[in-house]
Structures are given as C-alpha cells and as structure tokens.
Amino acid sequence: QVQLVESGGGLVQAGGSLRLSCAASGRSIWRYGIGWYRQPPVKEREAVANISSDGSILYADSVKGRFTISRDYAQNTVYLKMNSLKPEDTAVYYCRWPAFTTWGQGTQVTVSS
C-alpha cells in the first residue's frame, strides 16, 4: 500500500523559511513524479511544484524563485524548501503521487505578517 506523510509545517513570520517533507512508503519514488499542492483557507487546492520522473521541475508562478522542490531516493522523500514566506502562502500543504492517485494528509503552514 502506497502512502505519503507530510511534515514540517508550522507557524512562521513573513520572510521566514520552512522545509516540508513528504515521506513515501510502500514503493520507491525512483522513476516517479511527485507534486506539492496547497489549499488556502476557503480556496481551491492549487499546484505548487512538481518534480517528474526525469527530474524536470515546474513551479507555480506565485512561488518561483522562493520555493525549491527536491528528492532524496535514499530517504524515499520529496522536500519543499520555502523561503521568503508571505502571508498568502498560508495553506494546508499536500503532496501527491499521481501514479497511485495517492495524497498525503497535509501539513499546515501559517505565515504571520
């Protein structure tokens, strides 16, 4: 059974940084793409960043230059490093494994002004 578990969220002041982790189990992430999404309060879930099986990376325009997605095959984990955080980055952050239509449970990120 494939599972994803997010961690690393929390409360941070504007301008601060956080690193989110998405730990996969049940299968190796090698050769699979995984994406990060977020859902701000009373808004739709939106894509934030994606790393594909060949290593190509896409970011939402709103996070380009501030967020970095990466993966560690040894840890079977995908990371999202978030710098220069803004109050509008406040959301529940989820990772998704499209090949198995699997979502994690989410981790809350709150950025205070």
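**Reading salt bridges and a sheet**

Tutor: Let's start with aspartate 89, which is buried, since its relative accessible area is 0%. Keep in mind that this is a predicted model.

Student: Okay, which residue forms a salt bridge with aspartate 89?

Tutor: The general idea is to look for a Lys or Arg side-chain nitrogen within 4 Å of a carboxyl oxygen of Asp or Glu. Here the partner is arginine 66, with 2.7 Å between the closest N and O atoms.

Student: And where do arginine 66 and aspartate 89 lie?

Tutor: Arginine 66 is in the loop between β6 (57-59) and β7, while aspartate 89 is in the loop between β8 and β9 (91-97), so this pair ties together parts that are 23 residues apart in sequence.

Student: Is arginine 66 buried or exposed?

Tutor: Compare its value with the cut-off: buried means under 20% relative accessible area. Arginine 66 comes out at 10%, so it counts as buried.

Student: Which residues does the salt-bridge network join?

Tutor: Salt bridges with shared partners link Arg38, Glu46, Arg66 and Asp89 into one network. Within that group, the side chains of arginine 38 and glutamate 46 meet at 2.6 Å, N to O. Arginine 38 is buried, at 4% relative accessible area, whereas glutamate 46, at 31%, is partly exposed.

Student: How many salt bridges does the structure hold?

Tutor: There are 4. One of them pairs lysine 64 with aspartate 61, whose closest N and O atoms are 3.1 Å apart. Aspartate 61 is exposed, with a relative accessible area of 65%.

Student: Let's switch to the sheet. In what order do the strands come?

Tutor: First the general bit: strands of a sheet pair through backbone hydrogen bonds, in either a parallel or an antiparallel way. In this case you've got an open sheet of 4 strands, ordered β1-β3-β8-β7, and the pairing is antiparallel.

Student: Which strands are the edge strands?

Tutor: An edge strand pairs on one side only, and here that describes β1 (3-7) and β7 (67-72). From one strand to the next, the twist averages 15 degrees.

Student: How many bridges join β7 to β8?

Tutor: There are 6, and the two strands run antiparallel, with β8 covering residues 77-82.

Student: If I want to check the register there, what stands opposite isoleucine 69?

Tutor: Look across to β8 and you'll find leucine 80. To trace the strands in the viewer, begin at β1 and follow the order β1-β3-β8-β7.

Note on methods. Residues are numbered from 1 along each chain as its sequence is written. This is a predicted model: local features need pLDDT of at least 70, side-chain atom pairs count only at pLDDT 80 or more; totals for chains, interfaces and linings use all residues. Side-chain values use heavy atoms; hydrogens and water are left out. Two strands pair if DSSP finds at least two bridges between them. Axes are lines fitted to C-alpha atoms, for helices over the stretch in contact, and angles run from 0 to 180 degrees between N-to-C directions. Buried means under 20% relative accessible area, exposed over 50%, partly exposed in between (1.4 Å probe, protein chains only).
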